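Biologist: Could you walk me through one part of this model at close range? I am after the charged side chains and whatever they hold on to.

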Amino acid sequence: MSLRNAVMAALLDGESSGYDLAKVFDASVANFWICTPQQLYRELDRMEADGLISARTVEQERRPTKRLFALTPEGREELTRFTAARHKPTAIRDELLVAVLAADSGDVEAVKASIRERKQWAEAKVERYERLRAKLLDGLPEEEFLATAERVGPYLTLLRGLSFERDNARWCARSLTVLERRGARLDAAK
């Protein structure tokens, strides 16, 4: 998958400025696709040159001129081709997991500190995603929302992000418990 596919999917909700797209990425798309604002703006320029999106300039009072981007028919066709393609499973590439793998002959305390940090990060993301979920549901029961919403893709990807981060937090808690118990046993054996 490329950044352009994620941008086109984000533009399904309608015309948006680069700034607003960056906020969308930070709030919802970031649970499965991370990019910097600089990467986003470079990709918007390439996509416009490739005819996948159009841009129009909007003059603003007391603010800089902004550009609004929208999907073109070619962009929608490209997104349809992308959704029709087979998609490979994602492989995990995580430095923390390599550190955990080597913890027995490394600095276990540093690894535990990294796991604690990851756990806090995951728990904070769960809280953030739950707030976003409540905002999306807007007081509706989930099944009613799913039956009546114009688009369910953003909700489904949010559910995946929630599941991923909850699992990260559980794994971190379990790993810390194992490493603490192991350390206590090793200390007692000395």
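Which residue's side chain meets that of Asp-104 in a salt bridge, and what is the distance from N to O?

Modeller: Happy to! The model is a predicted one, so local features need pLDDT of at least 70 and side-chain atom pairs count only at pLDDT 80 or more, while totals for chains, interfaces and linings use all residues. Residues are numbered from 1 along each chain as its sequence is written, and side-chain values use heavy atoms, with hydrogens and water left out.

The partner of Asp-104 is Arg-182: their side chains form a salt bridge at 3.3 Å, N to O (the rule asks for a side-chain nitrogen of Lys or Arg within 4 Å of a carboxyl oxygen of Asp or Glu). This pair links distant parts of the chain, 78 residues apart, with Asp-104 in the loop between helix H5 (95–101) and helix H6 (108–137), and Arg-182 in helix H8 (residues 153–189). Helices (H or I, at least four residues) and strands (E, at least two) are DSSP runs, numbered from the N terminus. Asp-104 counts as exposed because its relative accessible area is 60%, whereas Arg-182, with 36%, is partly exposed. For these words, buried means under 20% relative accessible area, exposed over 50%, and partly exposed in between (1.4 Å probe, protein chains only).

To place that pair in the whole, the chain divides into domain 1 (2–84) and domain 2 (95–189), with bounds from an automatic or database domain assignment. Their centres, taken over C-alpha atoms, are 29 Å apart. In contact across the boundary are 9 residues of domain 1 and 7 of domain 2, contact meaning heavy atoms within 4.5 Å. Together the two domains bury about 670 Å², with 43% of it on carbon and sulfur atoms; this buried area is the accessible area (1.4 Å probe) lost when two parts are put together, summed over both. Between the domains the count is 1 salt bridge. Arg-151 and Asp-13 also meet through their side chains in a salt bridge, at 2.6 Å from N to O.

In total, the rule gives 20 salt bridges. Arg-67 is a good one to zoom in on. Its side chain meets that of Asp-45 at 3.3 Å, N to O, in a salt bridge. Arg-67 lies in strand E3 (residues 66–71) and Asp-45 in helix H3, so the pair ties together parts that are 22 residues apart in sequence. Arg-67 also forms a salt bridge with Glu-48, where the closest N and O atoms are 2.4 Å apart. That pair again links strand E3, home of Arg-67, to helix H3, home of Glu-48, across 19 residues. As for exposure, Arg-67 is partly exposed at 32% relative accessibility, as is Asp-45 at 42%, and Glu-48 is partly exposed with a relative accessible area of 32%. Elsewhere, salt bridges link Arg-4, Glu-43, Arg-46 and Asp-50 in a network.

Arg-4 also brings us to a nonpolar residue worth a look, Leu-52, since the two are in contact. Leu-52 lies in the loop between helix H3 (37–49) and strand E2 (53–58), and it counts as buried because its relative accessibility is 7%. Beyond its neighbours within four places in sequence, Leu-52 also touches Met-8, Met-47, Ala-70, Leu-71, Thr-72, Glu-74, Gly-75 and Glu-78. From Leu-52 to Thr-72 the C-alpha to C-alpha distance is 5.5 Å, although they are 20 residues apart in sequence.
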